[in-house]
Structure formats: C-alpha cells, structure tokens
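Hello,

Here is the structure I promised to pass on. Have a look at it first, and then read on for what turned up.

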Amino acid sequence: MTERTLRVLEFDKIRAQLAQYCVSEMGTALCDALAPSSRMDDVRRSQQETEEACTLLTYLGGTPMIPFGDVRPELHLAQIGAALSPRALLNVAACLRAARAAREALVTDRDSTPMLTANASRLSSFKSIEQAIGEAIISEDEIADRASTELFSIRRKMRACNERVRERLNSMIHSATTQKYLQESIITMRADRYVLPVKQEYRGMIPGIVHDQSATGATVFIEPMAVVEIGNELKQLISAEKAEIERILRALSALIAPEAEAIGDNLAILAQLDFAFAKGSLARQMHACAPKINSEGRIRIVRGRHPLIDPEKVVPLDIRLGEEFTTLIITGPNTGGKTVTLKTTGLFTLMAQAGLQVPADYGTELAVFDDVFADIGDEQSIEQSLSTFSGHMRNIVSILENVTPDSLALFDELGAGTDPTEGAALAQAILGTLLTMHTRTIATTHYSELKEYALTTDNVENASVEFDVSTLRPTYRLLIGVPGKSNAFEISRRLGLPEFVIAQAKELLSREQVRFEDVIAGAEYHRQVAEKERQLAEEARAEMVAIRNQAEAERKKLEDQRDKTVKKAKDEAKRIVENARRESEAMIAELRAMKKSGGAQEHEIQRVKKQMEKAQEALEEKKETGGLVPASVKPGELVHVASMDMDATVVSPADAKGYVQLKAGMMKMRVQLSDLRTLTSTQQMLKKEQKKLERKRSMREARVDVTTRAVRQELDVRGLALDEAIPEVQKFIDDAVISSLGEVSIIHGNGTGVLRAGIADCLRRHPCVSSFRLGRYGEGETGVTIVTLR
C-alpha cells in the first residue's frame, strides 16, 4: 500500500491512536511503523496476537506491561567497559523489572494464549542485577549509604566532621566578643567550606582563610583557623566518597556487561509485547471484534462503525462485496454518507491486514488484498489538490496501471469535474475495465447512466444512502440493491425555491430521465413502507417473545414454589405423624403404668392405640382427595389451602373481594375462598383425637403424684421445629429438677445446627441449669447436649 492511500483512508490516525496505549518508546515506534500486510499467514498471525492480547486484558484486568526505556545505548557503554551513570543504571533496572513482571504474568499453564505465552517465555530474568542496582541507587542523584561498607564508613566520618565544624562555629557566633565582628550570626558555605560572614572592617579580628566576599565588598566570608584542619579533613572525605561512588558504579556496570546481549533481546521482546497489548487495548476501546479473514476477495461488514467518528453519532453500516457482485455503485445526495462508506470499507481492510480488530459486530468478514487503491478527492481528503479532474485522472491512470484481480479499488465521485456526458462515459469505461479484471470495486456517483449500467450489467450492483426529504437530513444508512436519487427538486422545494422554477426544470428533463427517476422514487417509497412494516413486525415479534419468556418464567416460578410448598407440607405431615406415633407410644406406656396402679383398663389402652393408628393413616393420605370448596367459612374453622397444600385456621370470614384471613402456625395469610377446601372426615377425626389425647394427658398429669412420677433422664427432640422443641425442653428440665436429677441428656441431632443452637440459648437462660456441654465420644458427640442441674 502506498503512503498516499494510507493517508487518504486516515490509517495514520489509527496508528496515532494505537501509540497512545503503549508504555514505552520502543512500542510506540512499532505502532508508528505499522503497515498492512498482503501475506495471509502474517495477517492471521497478527490477528491471533491481537485476540490473545484482548483475552489477557480481560483476564488480568489490564496490561501486564510496566513502563521501560530504550537502554540499548547504555548496554553498549557497559559492554565497552564504561561506568554507567546512576540514571542509566536505574533505566536498566526498570527494563529488568518489566521483563520479570511480564514473564510472571504471561508464562502460566494458560492454553488460550499460546503465542504471547511463547513470546514471554523467551524473556530472561536477572533478579540479582535488578536487586543490586535497587539496593545501591536511591535516585539519579543519590547513592545509598549501604551500597558498600567503605561508603558507609566514609559518610559516617563526614557526618562527624560536619558536626565538629558546626559545634565550633556555633560557639563562635554565640560568643559576645565575636558577634560584633559578624555581619550576621549565621554559618554558610563557600567552595564546600564552612565560613562566617565578617564585616570588612573587622576582617583582621578573626584569623582564618578568606574564601569569598559580597558584591558590595562590605562582607567577607572567612573560614576560621579553628576549623581549617577539620575542613581539610572533610575535603579529603568528600574526595574519598566520590572515588567510592565511582567504584560502585563501575562494579554495577560490570554486572551488566556480560548480560548486555540477553538484556537487549529482552528489550525487543518487551517492545513486541507492548505493541501487542496496545492493539488489544485499542480493540477494547473501540468495542471491536476479530474479523474472519479470507483470500477470495469477500467483504461483509456487519454494523461497521468508522473508528474516527464520534461513537455517539456514528451510524453503523452493513456492506457486502465480492460474492453476488464484484462492483458496487453508490448513489445519493451530497453529505449523505457515500464517502464515509468508502473510507470505512478501505480503512477496515487496512486495519485487518495490519492485525487490528475492527469496530463491527461478529460475522464481519474481510479479505486480504495485494493492494488497496483509493481516489478520494472531496473536501474530506487530506490532499486538496486531488479535487480537480486532472488530479482525479492522474490517480485513476496510476490505479489502472497497478491494479490486479486481487486488489481493492475505491473511487469517490468517479468521472466528476468535467462534462457530465463525457464523465459518465469515462466512468462506465473505467468500471467496465475493472469488472473485466474481476477487481473488487466500490464507486460513488451522481450519474444516472451509472445507475442504469448497474441495473443492466452482471456482477454490478446499485446501492444508495438513505435521505429523509421531510427533514432534509440524511440517515446515513446504506441500502444495497436500491439506486439512489439526488432529491434535488424535493430539497429545493423544501428550501423555498418557487414551484414554477421547479416545474420548468422538470420540463427540461427527457421523458426517459423522468420515467427512470419516477421508477426509482416509487421503488424507494415501497422499500421504505416495507422497511417500516418489517420493523413493526420485528417489534411485535420481539414483544411477543418477551411476553412468552415472561410467562414461561412466571410459570416456572409458580411450579418451583408449588413444589417447595408440597415438599414442605409433606415434611410437616411426616413430622406430625412421627410426633403422633411417639406420643401414642408414650401414652400407651403411661396408661399401662396407670393400669398396674389401677388407674386405667386394658380396653381403654387398646381403644387409644386404634385411634392413633387411624390418625396416622389419615395423616399419610393425600390431602387433595378430600374436601370441597366451602360456600362460606367462620372464624376458628379448620380448612385446607389447595394451592399451598397445607391446613390453616380461619381468622376472619371472606371479605367483599372473596379473600379469607387465615393463620397457619406463626404465619398469617390472605387466600381466595375458592382456593380453600373442607377437611375430610378422617382429618377432622384426627384433630379431635389429638385434642382428646391432650385432655387425657392433662388429666393424667393432674392425677399422678409428682413424687411418684417416673422422669426420663433423656429427651429426644429430633424432628421437631425449634419453637416446638423449646417448650418440651423447659418442661423436661422442670420435671428433672423436681425429681432431683443431677444430670440429663437432650438428643437434638446434628442437622443444620439451628435446633442445637436454640436449645443452647434456652439452657443458658434457664435458672435451674448449672452448666451444659456437647456429648463426648460414646455419648452422642455433637448430636447430644449434656445438662448439669443445680
């Protein structure tokens, strides 16, 4: 591709955007040198690299690259034995750190990014050199005290000398005899020596060495003799410090020299990785996708968005070329988007062949061309000189000399700038030449002759950019298969041109021209009507699908709720049956005990047992088989809720809307009267028998003497809800205390732990409980709580 084509299609602006995402100058240089490739293997490899970078950016949350500089000059100096400056050494350390960070982030067992992982695995790590530089150099102006033992010792002596000098000079400036000779009571520095500002007239009163004087001559800066010796010592230490720092820098440079070549290889790899992640970052910013690449000249752009137009304003384009037809002729009014269509197609092709993803939707397919030619000469072009007819022809001549069947040719306003009849003929001849060569071609025009040419020629297709005459604004939509109108008469009428002028203009048109334009107008009108109807149909279908999905979701939700309610009701019924069985067994045992003491007869025991068996069978029946919809209900009546498969007690009768207030356990609810069922006779008998059993137990407990009552040493509350188990536990503890038991056991099982925690809270607050603990091995472990009573 020529540089002119890259400029005309604004590929240079894409390179500039890409460079903004690089963290290094070397990566930026690769972006500036980026050019499309015409080799299929290179394009596929570059696209894979970009796709892997996008994957890693999503996985890591950002680029793994750390900023680094181009240290190749510093590496060369180290190789020839030069001592690098602190700044240069820090730059090398930054490069080593960037290589180590990239390798750690990219070299993993991840199998979705083989190219970048293989590239990063070639990075060499020099952590010891990186660490040595980091420990020795604080900044480009400061070497760490502990860079060497000798440097630490020298600087310690320097601090001691400084302190001694300051102590002596402080004593002098605070001395009454000396203060009157000083211009100011301060200590300052001249030529790295500590001096005092002395008045000119008293310079002889303070013996020492004059190092400087003020601009007016009124002040001389004297180093007193008392500190000259210490100053000389300090000067020697400064020289020693400088020599030691030089030695340290040479030693660090010597560490780099043998690894300079490997570090240089790291730089090249880091630059390529920086470039790859810049491509990935640009793709994410553009919301781009990886196009499918082919070598058959097929172009299919799905909702393509020109990357240099404001994303809030750009109108997506659908473009296809190379399958049903090889030449596309786009017509329509000015400022309608014809040139944008050309540039989008050309720029997308260049970006794809350069390894960049394109801002379009999935399904986009682009071809690899050996060259892309563009003759775009309107005001949107960079080179304004190409807007004349001669400029157009120079470009077209060059294109025809170099174009091949594997090229892409783009023409804006083909044949414009000269006599319309001759221009149309030239344009048709040029398009015919390219059509014969099977070159993929897109051209924009206003000539009706080219519209007719597209209608009557195989492998040539019309297209137009839509224009809304009612608003005098283009919609920027590309319509393939429909020739466009210039709409000059309609636009002129809307802008206020007198009707008689428009009528005269129409009379000047030939009948064939008028008929052709009328056919186009009629086709466009019917297309717009069909498009609106299609949109309405799609909206209706989308609404229908949404309603269907919502209804399906509601149905599934109700089914899930019903299944949960049924399961809960069955579990509750099972628990009630189990409780009834335990209570019946306990009742029978107690009645037998009463029989022995003369309090109950055998026939009464058998009768109670049969009643409990009937009650258990009734509980296990399906509740759906019994009960009718009641005409009315009254407070206190037991009913069955069909939708929730549970029993409840009526709190208040049905209101005006048919809702009944119910209570089931601790839960209150409002249910439609039609959702209620009367309880079966078996269920009613069960309720009555349960009440009889409760009355009998109350009477028995009243009759039996507390002192002779047999109290169990363990209580089993497994299968009970917490609010049912707590009263049982409290009564069990009270009975155990009355019977003077010292230790009892409560069996609650493991389960979810709710029962165990609730019982522990009850015991913690019970006044008769001294302490409690979970069971040990052999006692039931965490499924049992052992209680010690007071």
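In what order do the five strands of the open antiparallel sheet lie? The order is S20-S19-S18-S17-S21. Before going further, please note that this is a predicted model, in which local features need pLDDT of at least 70 and side-chain atom pairs count only at pLDDT 80 or more, while totals for chains, interfaces and linings use all residues. Residues are numbered from 1 along each chain as its sequence is written, and side-chain values use heavy atoms, leaving out hydrogens and water.

A few words on terms: helices (H or I, at least four residues) and strands (E, at least two) are DSSP runs, numbered from the N terminus. Two strands pair if DSSP finds at least two bridges between them.

Back to that sheet. Strands S20 (667-672) and S21 (676-678) each have a single partner strand, so one side of each is left without a neighbour in the sheet. From one strand to the next, the twist averages 50° (axes are lines fitted to C-alpha atoms, for helices over the stretch in contact, with angles from 0 to 180 degrees between N-to-C directions). Four antiparallel bridges join S17 (residues 638-641) to S18 (residues 646-652), and histidine 640 has aspartate 647 in S18 as its bridge partner.

Another open sheet has four strands with mixed pairing, in the order S22-S23-S25-S24. Its neighbouring strands are turned by 20° against each other on average, direction ignored. S22 and S23 (residues 743-747) are parallel, with three bridges, and glutamate 714 stands opposite serine 745 in S23. Helix H22 (residues 722-738) lies across S22, S23, S24 and S25, at about 160° to S23. Helix H23 (residues 754-765) lies across S23, S24 and S25, at about 160° to S24.

Now to the interior. The largest nonpolar core (a set of buried Ala, Val, Leu, Ile, Met, Phe, Trp, Tyr and Cys residues joined through side-chain atoms within 4.5 Å) has 52 residues, of which Phe11, Leu18, Leu328, Met351 and Leu478 touch the most other members. Buried here means under 20% relative accessible area, exposed over 50% and partly exposed in between, with a 1.4 Å probe and protein chains only. Helix H13 (residues 338-353) gives the most to this core, with six residues. Leaving aside neighbours within four places in sequence, the contacts (heavy atoms within 4.5 Å) of leucine 478 include Leu317, Ile330 and Val465.

Enjoy exploring it!
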